[in-house]
Amino acid sequence: MNKPLHPDQLRSLVPLNALSRRQLRELQDQLTPRPLLAGELLFGVQDSAATLFFLLSGELLLQAGDGRERRLVAGTAASCYCVGPGPRWRRAHALSDCSVLAIDSAQLDRLLTWRQAYQDLLVQLSLEGHSPEWLELLLENPLFAKVPPANVRRMLDRLESLAVVAGQTLIRQGNVGDGCFFLKAGRAEVVRDAESGRQLVAELEVGACFGEEALLADRPRNATVTMLEDGVVLRLARADFHALLEAPVVADVSLAQAARLLDSGAQWLDIRLQEEYERGHALQALHMPLDLLRLKARLLDRSRTYLCYCDSGKRSASAVFLLTQLGFSAFVLRYGVQGLPAVQHDALLCQSGSGYLARSGGRIERSRD
């Protein structure tokens, strides 16, 4: 069974060689070579440009739309670059038994964009004595893909460093949110008190951001965060959070813009309470209450865009921020459903009943009433 390539084996492949080892680990499941038999088609005119290929061994025949042909031989300078379906090449098939890497083009583009946007900042901060490893962990959180480097620079200047010990409670459920935190060293657990007892929501590792949901929704803390071991956290005050992180990360859309996104395959995500959802929800809207979103987000399809809505827009802003942290594409309905004219409000929330739920693998299932 083939094993993933080691980062040192990718040094000649452009642009994979521009990624950090941490970024390459994010591509780990795509770095295993796959065989292509002589005569087998690698891609054709019907294939999308969603996948890029690197030739590791063997020979390919590339065919352009105007009939031009080119042989691509592994080990040559030309084979260091990726090929894929698009305006330049319409078809490719193996002239001999081959080995290729198949890389998701959108994911690669996101990683390269991040790397180029933050490279200078990482170098500058490293020279100032900041830990490069911790900064990469923090900045590779997907939410920072939407935060301008200048905002990140200002945010780092305003962070308050706090030494913490195992068992120390940093956030207590029910308290007012006056800031959010970034975990620089150590581990922490997130626990929620519910009628059924204490529920472990998540364990946080270095680079995690927490406490932001209360700031976005302007509500009391919805969980308790306690250190599992000694460590260091960085605190960002409420005002700085809203100015530097929330504005660039939480993107909103009008109902008309949402309609166009739905036509392109987006999905409504209703993050209200069960009773609110059952009373009326958007057509085929998935129900995922905000307090369960962190737990259930793994059921969502990362290839889709999610349109979050609630009454005022505050809870859905929290949902979009959280989904962005987890690497999803998400938007909030501007001003929420209460901001819509009566006719549009009733037209949007036109279904009732228990509705639709997300299942593993991104499947959507209709609930039984």
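**Exercise 1. Work out which strands and helices line the largest cavity, and which of them gives the most.**

*Solution.* Start with the search itself: over the whole structure, which is a predicted model, two cavities of 30 Å³ or more turn up. On a 1 Å grid over the protein atoms alone, a cavity is a set of points where a 1.4 Å probe fits but cannot get out, whereas a pocket is an open set with protein on both sides within 12 Å along at least five of seven lines; lining residues have an atom within 4 Å of a point. Points join across faces, edges and corners, and volume is the space filled by probe spheres set on them.

The largest cavity comes out at about 220 Å³. Its lining has 20 residues, and Gly211, Glu213, Asn222, Ala223 and Arg294 sit nearest the centre. Now map the lining onto elements (DSSP runs numbered from the N terminus: helices are H or I of at least four residues, strands are E of at least two). At least two lining residues each come from β11, β12, β13 (209-210), α5 (212-217) and α9 (290-296). The top contributor is α9, with four residues.

Before moving on, some ground rules. Residues are numbered from 1 along each chain as its sequence is written, and side-chain values use heavy atoms, with hydrogens and water left out. Because the model is predicted, local features need pLDDT of at least 70 and side-chain atom pairs count only at pLDDT 80 or more, while totals for chains, interfaces and linings use all residues.

**Exercise 2. Two of those lining elements are β11 and β12. Trace how β11 is paired.**

*Solution.* Take the β12 side to begin with. β11 (residues 188-194) and β12 (residues 197-204) run antiparallel and share seven bridges; two strands count as paired if DSSP finds at least two bridges between them. The two strands make a hairpin, with two residues between them. For a concrete contact, look at valine 191, whose bridge partner in β12 is leucine 200.

Then turn to β14 (residues 224-227), which is antiparallel to β11 and joined to it by four bridges. Here glutamate 189 has threonine 226 of β14 as its bridge partner.

Finally, look at what comes ahead of β14. Aspartate 218 is in the loop between α5 and β14. With a relative accessible area of 48%, aspartate 218 is partly exposed (buried is under 20%, exposed over 50%, partly exposed in between; 1.4 Å probe, protein chains only).

**Exercise 3. Give the strand order of the two open four-stranded sheets and name their edges.**

*Solution.* One sheet runs β8-β15-β10-β13, with antiparallel pairing. Its edges are β8 (160-164) and β13, each with a single partner strand, so one side of each has no neighbour in the sheet. Inside, β10 (residues 179-185) and β15 (residues 231-237) are antiparallel over six bridges, and phenylalanine 182 is bridged to leucine 234 in β15.

The other sheet has the order β2-β6-β4-β5 and is antiparallel too. Here β2 (41-43) and β5 (69-73) are at the edges; each has a single partner strand, so one side of each lacks a neighbour in the sheet. Neighbouring strands of this sheet turn by 25° against each other on average, direction ignored; the axes are lines fitted to C-alpha atoms, for helices over the stretch in contact, and angles run from 0 to 180 degrees between N-to-C directions. Between β4 (residues 59-63) and β5 there are five bridges, antiparallel. One of the pairings is leucine 62 with arginine 70 in β5.

**Exercise 4. Find how many disulfides the structure has, then check cysteine 80 and cysteine 180.**

*Solution.* The count for the whole structure is zero, a disulfide being a pair of cysteine sulfur atoms within 2.5 Å. For cysteine 80, the nearest cysteine sulfur belongs to cysteine 82, 11 Å away. For cysteine 180, the nearest is that of cysteine 209, at 4.4 Å. Cysteine 180 has 0% relative accessibility, so it counts as buried.

**Exercise 5. Describe the largest pocket and the domain layout.**

*Solution.* The largest pocket has a volume of about 840 Å³. It is lined by 26 residues, with Arg110, Arg302, Gly327, Phe328 and Ser329 nearest its centre. Both α2 (105-127) and β20 (329-333) supply at least two of them, and α2 has the largest share, eight residues.

For the layout, the domains are domain 1 (8-106), domain 2 (154-237) and domain 3 (252-366); the bounds come from an automatic or database domain assignment. Between the C-alpha centres of domain 1 and domain 3 there are 37 Å.
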